[in-house]
Amino acid sequence: MRVGILIYTNKSGDFTAQNVTLRNLIAYAWQIKEFQTVGGPKWLDSDHYDVLAKPPHDGAASDADNHLRMRALLADRFQLAVHADTRELPVYALVVAKNGPHLAPAKSGDERKGIEARRGQINCRAVSMKRFAEWGLAPRLDSIVLDKTGLEGEFDFTLQYADDSPPKPGAEPPPPPDPSPPDLPSALQQQLGLKLETQKAPVEVIVVDRAEKASAN
């Protein structure tokens, strides 16, 4: 399977995309998940490209500038035309499991806050359920995850699960895995007393009205 790699260097302002599809680039330009792009030709997912974009001036560019420049590049090279819409799409809802949550309130005074994720493990310190759903689970599930637990406050916890995804290029080899870790949904229920339910919800999407194969440099 071909894997797309996106690299953006703030120091130089250069944007490099290697072996990516137009769907990859649209997701980057509009800061959405790939499934939030609808419509368009079949080659949206099959044709792969390498992109090197340099800013028109010296110095660093902000992320917002880079996203806007990517939109302009796609309009120029792919004749891309899109519009925003809202569609009912399947999403995950994070809810409390039958036997209740197994979560410890965050320790007061602990300076370590936030989410640290590695292969097969998510460490959370002083993290709300909303943040855990959006930043801890959604990237791993490649889907929108809504917090419907009703749990207020912040929590400390570690979630360990089976992760069979390949390591990112250049990443250090992962440590030997637990011989029998549960998958992510099972780990959520066993370790945290939470579960995922599939629901439908209004989701913002980008509709592709027009796209042509990229012009030459």
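Colleague: Which residue comes just after H4, and what sign does its phi take?

Modeller: In this predicted model, Gly-193 comes just after H4 and takes a positive phi of about 70 degrees. A positive phi is also found at Gln-79, which follows H2, with a value near 50 degrees.

Colleague: Which residues of H4 are called buried, and what makes them so?

Modeller: Helix H4 covers residues 184–192, and its buried members are Leu-184, Ala-187, Leu-188 and Leu-192. The word applies because a residue counts as buried when its relative accessible area is under 20%.

Colleague: How do you know on which side of H4 they lie?

Modeller: Around the axis they cover an arc of only 105 degrees, and therefore they are on the same side of H4. These buried residues pack against strand E5 (81–96), helix H3 (129–141), strand E10 (155–160) and E11.

Colleague: What shows how H2 compares with the span expected of a helix?

Modeller: H2 has 15 residues, and the distance from its first C-alpha to its last is 21 Å. The expected span, at 1.5 Å a residue, is 21 Å, and the model is close to it.

Colleague: Why are the buried residues of H2 said to line one face?

Modeller: The buried residues in H2 are Asn-66, His-67, Met-70 and Leu-74. Viewed down the axis of H2, they fall within an arc of 100 degrees, so they line one face of the helix.

Colleague: What makes a set of residues a nonpolar core, and which residues have the most contacts inside the largest one?

Modeller: A set earns the name because its members are buried residues of kinds such as Leu, Ile, Phe and Trp, joined through side-chain atoms within 4.5 Å. The largest nonpolar core has 23 residues, and those with the most contacts inside it are Leu-22, Leu-25, Ile-26, Trp-30, Leu-74, Phe-78 and Leu-80. At least two residues of this core come from each of strand E2 (15–20), H1, strand E4 (49–53), helix H2 (63–77) and strand E11 (194–210). H1 gives the most, with 7 residues. Another core, of 21 residues, lies apart from it and includes Leu-103, Ala-138, Ala-187 and Leu-192.

Colleague: Which residues is Leu-25 in contact with, beyond its neighbours within four places in sequence?

Modeller: Leu-25 is in contact with Phe-15, Ala-17, Val-20, Val-51, Met-70, Leu-74 and Phe-78.

Colleague: Why does Gln-36 count as buried?

Modeller: The relative accessibility of Gln-36 is 8%. The cut-off for buried is under 20%, so the term applies. Gln-36 is placed in the loop between helix H1 (22–30) and strand E3 (37–39).

Colleague: What makes the link between Gln-36 and Glu-204 a polar contact?

Modeller: The side chain of Gln-36 reaches the backbone oxygen of Glu-204 at 2.7 Å. That distance is within the 3.5 Å allowed for a polar contact, so the name is justified. Beyond four places in sequence, Gln-36 touches Ile-144, Val-203, Glu-204, Val-205 and Ile-206.

Colleague: How do you know whether Phe-155 is buried or exposed?

Modeller: Phe-155, found in strand E10, has a relative accessible area of 9% and is therefore buried. Leaving aside neighbours within four places in sequence, its contacts include Leu-103, Pro-105, Cys-124, Val-127 and Met-129.

Colleague: How much of the whole protein is buried?

Modeller: Buried residues make up 37% of the 217 residues.

Key:
Residues are numbered from 1 along each chain as its sequence is written. This is a predicted model: local features need pLDDT of at least 70, side-chain atom pairs count only at pLDDT 80 or more; totals for chains, interfaces and linings use all residues. Side-chain values use heavy atoms; hydrogens and water are left out. Buried means under 20% relative accessible area, exposed over 50%, partly exposed in between (1.4 Å probe, protein chains only). Helices (H or I, at least four residues) and strands (E, at least two) are DSSP runs, numbered from the N terminus. A polar contact is a pair of N or O atoms within 3.5 Å; within protein, one must be able to donate a hydrogen and the other to accept it, and residues adjacent in sequence count only if both atoms are side-chain atoms. Contact means heavy atoms within 4.5 Å. The expected span of a helix is 1.5 Å times one less than its number of residues. The arc is that of the directions from the helix axis to the C-beta atoms.
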